[in-house]
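User: I would like to go through the ligand site and then the aromatic pairs. Please set each value against its cut-off.

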Amino acid sequence: MNLIDGKKRREIKYGIEKRVVTLPDGTSLPSIGQGTWHMGEDPKMKEKEVKALQLGMELGMKVIDTAEMYADGGSERIVGEAVKGRRENVFLVSKVYPHNAGLDRIVKACEKSLKRLGTDYLDLYLLHWRGSVSLEETIEGMEILKKDGKIKRWGVSNFDTEDMNELWDTKNGNNCMINQVLYHLGSRGIDYNLVPWLEEKNMPIMAYSPLAQGGSLRRQLLTNPVIQEIAEKHNVQPLQIALSWTIRSNNCLAIPKAVQEEHILANAEAAAIELTNDDLNKLEKVFPKPTRKMPLDII
Ligand SMILES: NC(=O)c1ccc[n+]([C@@H]2O[C@H](COP(=O)([O-])OP(=O)(O)OC[C@H]3O[C@@H](n4cnc5c(N)ncnc54)[C@H](OP(=O)(O)O)[C@@H]3O)[C@@H](O)[C@H]2O)c1
């Protein structure tokens with residue numbers, strides 16, 4: 001199936017590449033990338049998943065997020081297949097399990113990820129969530145990997161404000177480049193004090209599950225009359241408005257996962273949607289920023 005012609009592809013790519021976030025080391029990245037959770041689980045889906053990621057890359061979605069956890073390495077293998085011969089055009093992110101984040105295991109875990117991905121370096125390596133290994137030890141491991149050229153930079157995932165404070169107080173903790181956390185219109189807990197903390201440090205967030213994945217929160221985004229009204233005005237779909245909202249501030253890189261071609265196109269096109277102040281105010285009224293600290297939303 002090929003839903004778009006070359007001209008349309010170029011237009012979408014232009015929209016994506018115009019909208020960037022900048023990491024603390026100055027690297028600029030298009031603010032919509034691709035997630036890969038659940039890819040690599042079903043061998044029958046392999047070809048479709050590889051093609052999906054390749055279409056996303058062709059449309060300018062340069063960042064691909066995976067993890068050693070996903071399909072027990074299967075997702076990294078799919079990504080490896082998709083980026084073969086195109087490594088330079090992609091920004092590869094993978095994540096280490098907390099139990100592999102100690103000095104005795106992190107190099108091995110990273111090397112295994114590299115092998116599955118068919119590459120000799122990661123652009124970004126994240127600690128998937130905090131476990132029992134000390135931050136000091138994990139950071140040391142990340143810095144060794146960096147020095148050895150196996151990763152270009154590192155970051156964290158599922159870190160709340162207190163974790164970030166602790167990270168900052170740890171030697172080399174301020175070399176962290178990003179915090180990947182759950183974020184969408186229906187889950188705004190991080191807007192209370194984590195987003196302001198990160199903004200102060202000029203560190204972007206990477207928004208996972210930016211389309212609320214599925215289930216009742218997704219239904220809420222799909223059926224909310226305000227989102228629907230704004231979507232109609234922009235002549236787009238409600239979920240595109242939700243995605244566009246996550247990247248409204250130039251400090252957030254969203255990584256929706258999509259295998260269906262129409263989903264990939266819709267997500268890529270969302271980068272070009274310009275929400276007006278009036279749209280943002282209306283959304284703020286129905287999905288307000290929290291007025292107190294909420295537990296970090298995690299899946
Ligand atoms: N750090 C962490 O702890 C963590 C946790 C969760 C996720 N993540 C990362 O974040 C990525 C994204 O999150 P997610 O996979 O949980 O959820 P998501 O991106 O919010 O939602 C993915 C689901 O939405 C569908 N979809 C995608 N685009 C759509 C569109 N435009 N319209 C309608 N449906 C659409 C996909 O279907 P199809 O695939 O069939 O197209 C898939 O079922 C993950 O894949 C993973 O890389 C990280």
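User: What makes the pair between Tyr 70 and the ligand a polar contact?

Analyst: This is a predicted model. In it, a polar side-chain atom of Tyr 70 lies 3.3 Å from a nitrogen atom of the ligand. A polar contact is a pair of N or O atoms within 3.5 Å, so the Tyr 70 pair counts. The side chain of Gln 180 has an N or O atom 2.8 Å from a ligand nitrogen. For Lys 257, a side-chain N or O atom is 2.8 Å from a ligand oxygen. The protein buries 90% of the 910 Å² that the ligand exposes when taken alone.

User: Which residues are closest to the ligand, and how many surround it?

Analyst: The ligand is surrounded by 28 residues. Asp 65, Gln 180, Arg 218, Lys 257 and His 263 are the closest. By class, 13 are nonpolar, eleven polar and four charged. Helix H11 (residues 261-269) gives the largest share of this shell, three residues. The ligand sits in the largest pocket.

User: How many aromatic pairs are there in the whole structure?

Analyst: A search finds four.

User: Why is the pair of Trp 168 and Trp 197 called edge-to-face?

Analyst: The ring centres of Trp 168 and Trp 197 are 5.3 Å apart. Centres within 6.5 Å make a pair. The planes stand at 85°. Over 60 degrees counts as edge-to-face, so the name fits Trp 168 and Trp 197.

User: What does the Trp 168 and Trp 197 pair tie together?

Analyst: Trp 168 is in helix H6 (residues 161-168), and Trp 197 is in helix H7 (residues 194-200), so the pair ties together parts 29 residues apart in sequence.

Technical notes
Residues are numbered from 1 along each chain as its sequence is written. This is a predicted model: local features need pLDDT of at least 70, side-chain atom pairs count only at pLDDT 80 or more; totals for chains, interfaces and linings use all residues. Side-chain values use heavy atoms; hydrogens and water are left out. A residue is near a molecule or strand if one of its heavy atoms lies within 4 Å of it. A polar contact is a pair of N or O atoms within 3.5 Å; within protein, one must be able to donate a hydrogen and the other to accept it, and residues adjacent in sequence count only if both atoms are side-chain atoms. Accessible areas come from the Shrake-Rupley method with a 1.4 Å probe; for residues, only the protein chains shown count as cover. On a 1 Å grid over the protein atoms alone, a cavity is a set of points where a 1.4 Å probe fits but cannot get out, and a pocket is an open set with protein on both sides within 12 Å along at least five of seven lines; lining residues have an atom within 4 Å of a point. A molecule sits in a cavity or pocket if more than half of its atoms lie within 2 Å of its grid points. Helices (H or I, at least four residues) and strands (E, at least two) are DSSP runs, numbered from the N terminus. Ala, Val, Leu, Ile, Met, Phe, Trp, Tyr, Cys and Pro count as nonpolar, Asp, Glu, Lys and Arg as charged, and the others, Gly among them, as polar. Rings of Phe, Tyr and Trp (its six-membered ring) pair if their centres lie within 6.5 Å; planes under 30 degrees apart count as stacked, over 60 as edge-to-face and the rest as tilted.
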